[in-house]
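Visitor: Hi, could you walk me through this one? I'd like to start with how the strands pair up.
Guide: Happy to, let's bring it up.
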Amino acid sequence: MKIRTSTLLVATLLMVLAIGTTDNTYAQKKNTKNKKKTEQKDKAKTDNIPDSIATAKKDSAEAVFENDVIDKVVREEAQAPKGPVMLTDPKRNLPSKMWYGVHFSDAYVKKPSVTLDSIPDEIKITLVKDYSEFCFPMKNVITSPYGWRERWDRPHRGVDIALNTGDPVKCAFNGVVRIAKSFGGYGNLVVVRHYNGLETVYGHLSRINVKQMQVVKAGDVIGYGGSTGHSTGPHLHFEVRFQYEPFDPEWILDFKNYSLRTRVLYLNKTYFGISKPRNKKDIAYKADKSIVKERPITPATNAPKKKTEYYTVKRGDTWEKVAKKYKVSETQLKSMNPSITGKLPVGEDIRVH
Ligand SMILES: [Zn+2]
């Protein structure tokens, strides 16, 4: 009987160890199950043995078992992420450094010194590689569109989406939170910078659910709807910006089907700008947004794909020197790094391919 009990325990231990290498949570559940089974069986077998002997035997055998389980649980807990996942190395991992450099401040929604002058007339933006990388932020009707508000004689830089206070508001694309605080007329505000080059803006929230520098995924609840700031009732004020400049979110979001219009956006400069209308026929933001559609994907060529490569600027480096080193022209190098004007900043990562 003694032999049988210890064989059972060894077998249980081996089983636990084998499972432990494949699936932790599953193993934990199994552990508890097996432990209960072992206890029940032990109890049945030890019913006729005097208490002192039974306890002593159980203690030594289970001590090994318990230690192993406790050790494992402690290890797992230490490994499990606590709270939100924060950006560990902001300098290296900031989203869309090509367009924004290392500027990542929560002091402003629009950086005043950045203008659209330096960007081309049409920019190809890969919004998502797969539609699973997108989430409609709030599936409800638009109560006030983007454009010039004649009633107030001022521009409206986003769309107002109907909601009830407390409704969860979801992040549109993967990215990193740039602003998460109360911000003037916006009320409780969240701004997320995305890897695709865009920023999305969520205003009037009743509660913010994220922190600055937090890494977020499409579909994560960034906050809850409300009516904070300059607002007349609960709604989501939602903006989409490129290079801090807003354009009508309806260019990318289809509010009829609650879907993304396209995976690749050819962002035209005429999509920007809200000025007081002089000639009602020429208002870009009133254009038919359904022209933005998924374009047929060009067949893959045999040419190897060019990989993006970065180089950390060292003391004494010049545009010319780095360009030569990576066999590109100085103009090409500058066009790959539009956020850098003047001398190369020492210690900063620049794109070289
Ligand atoms: Zn609004």
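Visitor: So, in which sense do β6 and strand β12 pair, and over how many bridges?
Guide: This is a predicted model, to say that up front. In it, β6 pairs with β12 (residues 221-224) in the antiparallel sense, over three bridges. One of the pairs across is Pro168 with its bridge partner Tyr224 in β12.

Visitor: And what is the strand order in that sheet?
Guide: The sheet is open and has three strands, ordered β6-β12-β10, with antiparallel pairing. β6 (168-170) and β10 (207-208) are at the edges with a single partner strand each, so one side of each has no neighbour in the sheet.

Visitor: Switching to β17: which strand does β1 join there?
Guide: Strand β1 (residues 122-126) runs antiparallel to β17, and five bridges join them. Lys124 is the residue opposite Tyr266 in β17.

Visitor: Which face of β17 is Tyr266 on, covered or uncovered?
Guide: Tyr266 is on the uncovered face of β17 (residues 264-268), along with Val264 and Asn268. Leu265 and Leu267 make up the covered face. As background, side chains in a regular strand alternate between the two faces of the sheet.

Visitor: Okay, the core. How many residues does the largest nonpolar one have?
Guide: It has 46 residues, and Val190, Val192, Tyr202 and Ile222 have the most contacts inside it. At least two core residues come from each of β5 (159-162), β7 (175-182), β8 (188-194), β9 (198-205), β13 (235-242) and β17.

Visitor: What does Val190 touch, beyond its sequence neighbours?
Guide: Setting aside residues within four places in sequence, its contacts include Val177, Ile179, Ala180, Tyr202, Leu205 and Ile222. Ile208, Val210 and Gly223 are in contact with Val190 too.

Visitor: Zooming out, how many helices and strands are in the chain?
Guide: The chain has seven helices and 19 strands. Of its 353 residues, 25% are buried. For contacts between residues at least 6 apart in sequence, 66% join residues at least 24 apart.

Visitor: Last topic, backbone oddities. What is the phi of Gln243?
Guide: Gln243 has a positive phi of about 50°, though it is not a glycine. Gln243 sits in the loop between β13 and β14 (245-247).

Visitor: Is Gln243 buried or exposed?
Guide: Gln243 counts as buried because it has 21 C-beta neighbours inside 10 Å, where the cut-off is 20 or more.

Visitor: And what about Lys327, buried or exposed?
Guide: Lys327 is exposed, with 9 other C-beta atoms within 10 Å. Lys327 also has a positive phi, about 55°, without being a glycine, and lies in the loop between α6 (319-325) and α7 (330-336).

Key: Residues are numbered from 1 along each chain as its sequence is written. This is a predicted model: local features need pLDDT of at least 70, side-chain atom pairs count only at pLDDT 80 or more; totals for chains, interfaces and linings use all residues. A residue is buried if 20 or more other C-beta atoms lie within 10 Å of its own, exposed if 12 or fewer, and partly exposed in between; C-beta atoms are placed from the backbone. Helices (H or I, at least four residues) and strands (E, at least two) are DSSP runs, numbered from the N terminus. Two strands pair if DSSP finds at least two bridges between them. A nonpolar core is a set of buried Ala, Val, Leu, Ile, Met, Phe, Trp, Tyr and Cys residues joined through C-beta atoms within 7 Å. Two residues are in contact if their C-beta atoms, placed from the backbone, lie within 7 Å.
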